[in-house]
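The following exchange examines how computed values support the terms used for a protein model. Each answer sets a value against its criterion and then concludes.

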Amino acid sequence: MSKIVILVGSMRKGGNTELLASAFADGAKHNHNVEIISVADYKVNYCIGCNSCFTSKNNKCFQNDDMNKIYDKLKDTDILVIASPVYFYGISAELKTIIDRLHTPMRNKFKIKKLALILVGAATLTELFDSIKIQYQLILNFFNLEDVGMVLVRGAKNKGDVSDKSLAEAYKLGFSIK
């Protein structure tokens, strides 16, 4: 069984992003071990771009925060899922902080081979997710990762607004991953 980690980028517990991530996890659990990591449960400092992790022992960042726990969880992950609310056409700041902290040579030891994307936003604009999808594609290309799919949900502003159809789509994507 492969290990899937879902990085949930919402600080709002029980919100739309978490509901979609849970539906995805329920589908994926049929074939994989799944763990959800919520940014709300970890205190992670911003990367300051000092690159000390490139020269330190074990490539450890000088910041002693919860990112070390996340690194440990990602070391044996096969499939990574990025799940985020969309604020001003980007992923949440908390999730971006974690992604930025992956700018470390440690990531070269991770087993991650596949990536998926779950996004939910209040707006209904056709181009709502375009900037995030470009970043996602660049990450796939740079790390030579396989895209296993996306769930993109528009028009879900308030907690619980995500539709049953969208939850079923997230479940189906999770279940479909081989």
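The questions below concern salt bridges, accessibility and pockets in this predicted model.

Q: Why is the contact between Asp41 and Lys13 called a salt bridge?
A: The closest N and O atoms of Asp41 and Lys13 are 3.1 Å apart. The criterion asks for a side-chain nitrogen of Lys or Arg within 4 Å of a carboxyl oxygen of Asp or Glu. The pair therefore qualifies as a salt bridge.

Q: What makes this pair a tie between separate parts of the chain?
A: Asp41 lies in the loop between β2 (32-38) and α2 (67-74), and Lys13 lies in the loop between β1 (2-8) and α1 (16-28), so the pair ties together parts that are 28 residues apart in sequence.

Q: Why is Asp66 called buried, whereas its partner Lys69 is called partly exposed?
A: Buried means under 20% relative accessible area, and partly exposed lies between that limit and 50%. Asp66 has 18% relative accessibility and is therefore buried. Lys69 has 48% and so counts as partly exposed. The two side chains meet in a salt bridge, with 3.4 Å from N to O.

Q: How do you know that Lys96 and Asp100 are separated by about one helical turn?
A: Both belong to helix α3 and are 4 residues apart, which is why the separation is given as about one helical turn. Their side chains meet in a salt bridge at 2.5 Å, N to O. Lys96 has a relative accessible area of 34% and Asp100 has 31%, so each is partly exposed by the limits of 20% and 50%.

Q: Which residues do salt bridges with shared partners join into one network?
A: The network consists of Lys3, Glu35, Lys73 and Asp76. By the same distance rule, the count comes to 9 salt bridges.

Q: How many residues of each class line the largest pocket?
A: The lining has 15 nonpolar, 4 polar and 4 charged residues. This pocket has a volume of about 740 Å³, and Ile99, Leu102, Ile139, Phe143 and Leu145 lie nearest its centre. Helix α4 supplies the largest share of the lining, 6 residues.

Q: Why are Tyr42 and Tyr46 counted as nonpolar in the lining of the second largest pocket?
A: Both residues line that pocket. Tyr is placed in the nonpolar class, so Tyr42 and Tyr46 are counted there. The lining divides into 7 nonpolar, 2 polar and 2 charged residues, and the pocket volume is about 170 Å³.

Definitions and conventions:
Residues are numbered from 1 along each chain as its sequence is written. This is a predicted model: local features need pLDDT of at least 70, side-chain atom pairs count only at pLDDT 80 or more; totals for chains, interfaces and linings use all residues. Side-chain values use heavy atoms; hydrogens and water are left out. On a 1 Å grid over the protein atoms alone, a cavity is a set of points where a 1.4 Å probe fits but cannot get out, and a pocket is an open set with protein on both sides within 12 Å along at least five of seven lines; lining residues have an atom within 4 Å of a point. Grid points are joined across faces, edges and corners, and a volume is the space filled by probe spheres set on the points. Helices (H or I, at least four residues) and strands (E, at least two) are DSSP runs, numbered from the N terminus. Buried means under 20% relative accessible area, exposed over 50%, partly exposed in between (1.4 Å probe, protein chains only).
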